[in-house]
Amino acid sequence: MRYILMFMLCLCGLGTAYGQDVSNVDAEDADGKEPSSPTFVPMVKVSKALVGGDSIQYVELNALYIYPKQVFTDPRQRQAYNRLVANIKKVLPIAKEVNAIIIETYEYLQTLPTKKVRDEHMKLVEKDIRKRYTPRMKKLTYSQGKLLIKLVYRECDSSSYQLIQAFLGPVRAGFYQAFASLFGASLTKKYDPEGVDRYTERIVKQVEAGQI
């Protein structure tokens, strides 16, 4: 997925914009192994609540999602579901990484004095990260690339097109959108957790909760 490679490199490339040493970025190791990027973070919170004048201790755990049992009418549906689960587990950590990078990058760019300085810095960042992240992005399949676009929207509450436009300008955003369209995809694609993406949202929540 060449267009996804270019798109994600632009976003992940922002990682060094806030002073991070790219040698420590979660890129692929020299031996070809992908880094560990767990999506599920166990949470145990112990606190106290005042109830009727008494202090009662309580324990708060991760959310648990209960859905009706998944019913498959034929083996192909089961295979499609299992494939979607595997794809989400692969690209959801990347989408979350993009969100964290964008937040920190935006804060850092606000400290740079002029647009010229920001643009020059972003060019250096993009060039360096393009070189470092290529092996990782090349492993994404077509379906994983399209799924990644939607999950980036879910995590960032903005389309991939809007994110590229904000950081790299409308010209670059238009270029990547045109490139994506050649492969039948769109960087303006939205995420609809109540509609067409409801099954994806269900799986994402369960993956985030460590249930699957």
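Which residue just after α7 takes a positive phi? I looked this up before anything else, keeping in mind that the model is predicted, and I found that Gly-210 is the residue, with a phi of about 75°.

**Overall layout.** I then stepped back to the whole protein, where I counted seven helices and two strands, and I noted that the elements follow the order α-β-β-α-α-α-α-α-α from the N terminus on. Of the 212 residues, 40% count as buried. For the surface I wrote down an exposed area of about 12500 Å², of which carbon and sulfur atoms supply 54%. I also looked up the contacts with a separation of 6 or more, and found that residues 24 or more positions apart account for 74% of them.

**The two strands.** I turned next to β1, which covers residues 45-51, and β2, which covers residues 54-60, and saw that they pair in the antiparallel sense over seven bridges. As one example of this pairing I followed Lys-48, whose bridge partner in β2 is Gln-57. The hairpin has two residues between its strands, and there I found Gly-52 with a positive phi near 55°.

**Helix α7.** I came back at the end to α7, residues 198-208, and listed its buried residues as Thr-200, Glu-201, Arg-202, Ile-203, Val-204, Gln-206 and Val-207. What do these buried residues of α7 pack against? I found that they pack against α2, which spans 75-109, and against α4, which spans 142-156.

Terms used: Residues are numbered from 1 along each chain as its sequence is written. This is a predicted model: local features need pLDDT of at least 70, side-chain atom pairs count only at pLDDT 80 or more; totals for chains, interfaces and linings use all residues. Side-chain values use heavy atoms; hydrogens and water are left out. Buried means under 20% relative accessible area, exposed over 50%, partly exposed in between (1.4 Å probe, protein chains only). Helices (H or I, at least four residues) and strands (E, at least two) are DSSP runs, numbered from the N terminus. Contact means heavy atoms within 4.5 Å. Accessible areas come from the Shrake-Rupley method with a 1.4 Å probe; for residues, only the protein chains shown count as cover. Two strands pair if DSSP finds at least two bridges between them.
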